[in-house]
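Please open the model in your viewer and keep the sequence panel at hand. The tour below moves from one selection to the next.

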Amino acid sequence: MSAATTRSRTPRTPRTPDRLCAEAVGLAREAAEEAAAPGVVGEHVDVVVEGDRVVTHLFECKEFGYRGWRWAVTVARASRAKFVTLDETVLLPGPDALLAPEWVPWSERLRPGDMGPGDLLPTDAEDLRLEPGFSGEEEPPPNSAVSEEMAELVEAEDAEVTSGPPAELPLAPARGSIAALADELGMRRARVLSRYGLHAAADRWEESHGAKTAMAQAAPATCVSCGFLAPIGGSLGQAFGVCANEFSPADGQMVSLAYGCGGHSEAAVMPRPSRPAEPVLDETRVDVLPLRPSSDSGSVSPEGPSEDLGHS
C-alpha cells in the first residue's frame, strides 16, 4: 500500500483557526450590526474554519420570524499580514432554523375548486390525460370517402366530397366526408381524453361517490335502480351517471352506479300488505250443534218461584 493511499484513508483532523482571524470578533460584530437592523445581532455562537487564514464568525439572530438563523461574517488575513480584513456578511439558517416550505410549482399546488370566474388553466402539451383527436389535417387513406380514388364512387352515391383538409371548411358537409362523421361522433377536437384521463376521472368519482362511502353503505339500494339517475354516454356511462335528485347529497354530481343514498326513488314505497292465508276445512272432525237451547243457557235460573210479569 502506497503512502498516498494511506494518507487518503487517514481521517483529517480539524484545522486550527487562524489566531488573528479568530480573535476578530469585534470586527465581525460591527459588520453584522451594520448589515442588520439595530438590536437583532445576538451572542457570538461559533467560529468555523473556511480555509487557511479564513474564518467565519456566527452570531445569533434575534429578528422576528428568523428563529434559528445566524449572522455569518467571514474574515480573512493575507499571508504574513498583521491586519484582518472583512470578506462578506450574510444571514444563514442554522441546524434548527425555521425555514419556509419547499417551493412547489403552481400546477402541483392547484386543487379542485381553486378556479374562479375569469381564471384560465392552461394544459401542458404533454398532458397524460389527453391524447390527439381528429383535427382533419391528416391525409385521408386511399379507401376513404374523400380520396381521389373514391371520388367517382361517392358521386354515384349522391354524397358530397370536399377538396382539401376538412378542418379548413367553414361548415362540415352534410354527408360523405370524414369531418361529417367526426362531428356526428363528437370526435372533431384537437385533443380528447386518453385512457389515463378516463381512469383518473373514474377514480376520483368512485372515491367521492362510490360504493365504499358511508352514504352508500347505509343506503337502501344502489343508484343503478334509482329513477333519479340520469345516464351518460361513452365508456364511462357503463359505471357512472348523474344524480338528478335535488334532495340528495349528490345532486348534480357524477355518481357510481354502485353508489346510493336515502333519496332513492323507491326507498319510501310502502310494502304491499300481506295476504291472509286461505281457510283450511277440516273434514275429519264433527262439530256438535244442539237443535234446541238447553234449560240453563239463559241468564235467569229456572229454579225458584215464577213471577207474574203481567203478560197474557
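Why are Glu23 and Arg19 separated by about one helical turn? Select the two residues and follow the backbone between them: they lie four residues apart in helix α2, and therefore about one helical turn separates them. This is a predicted model, in which local features need pLDDT of at least 70 and side-chain atom pairs count only at pLDDT 80 or more, while totals for chains, interfaces and linings use all residues. Residues are numbered from 1 along each chain as its sequence is written, and side-chain values use heavy atoms, with hydrogens and water left out.

Stay with this pair, since Glu23 forms a salt bridge with Arg19 (a side-chain nitrogen of Lys or Arg within 4 Å of a carboxyl oxygen of Asp or Glu), and the closest N and O atoms are 3.7 Å apart. Both residues are exposed, where exposed means over 50% relative accessible area, buried under 20% and partly exposed in between, with a 1.4 Å probe and protein chains only.

Next, select Arg77 and Asp18, which form a salt bridge with the closest N and O atoms 2.8 Å apart. The pair links distant parts of the chain, 59 residues apart, with Arg77 in the loop between β3 (69-76) and β4 (85-93) and Asp18 in the loop between α1 (3-9) and α2 (19-23). Arg77 counts as buried because its relative accessibility is 16%, and Asp18 is buried at 15%.

Finally, select Met115 in the loop between α4 (106-109) and β5 (130-132), which counts as partly exposed at 43% relative accessibility.
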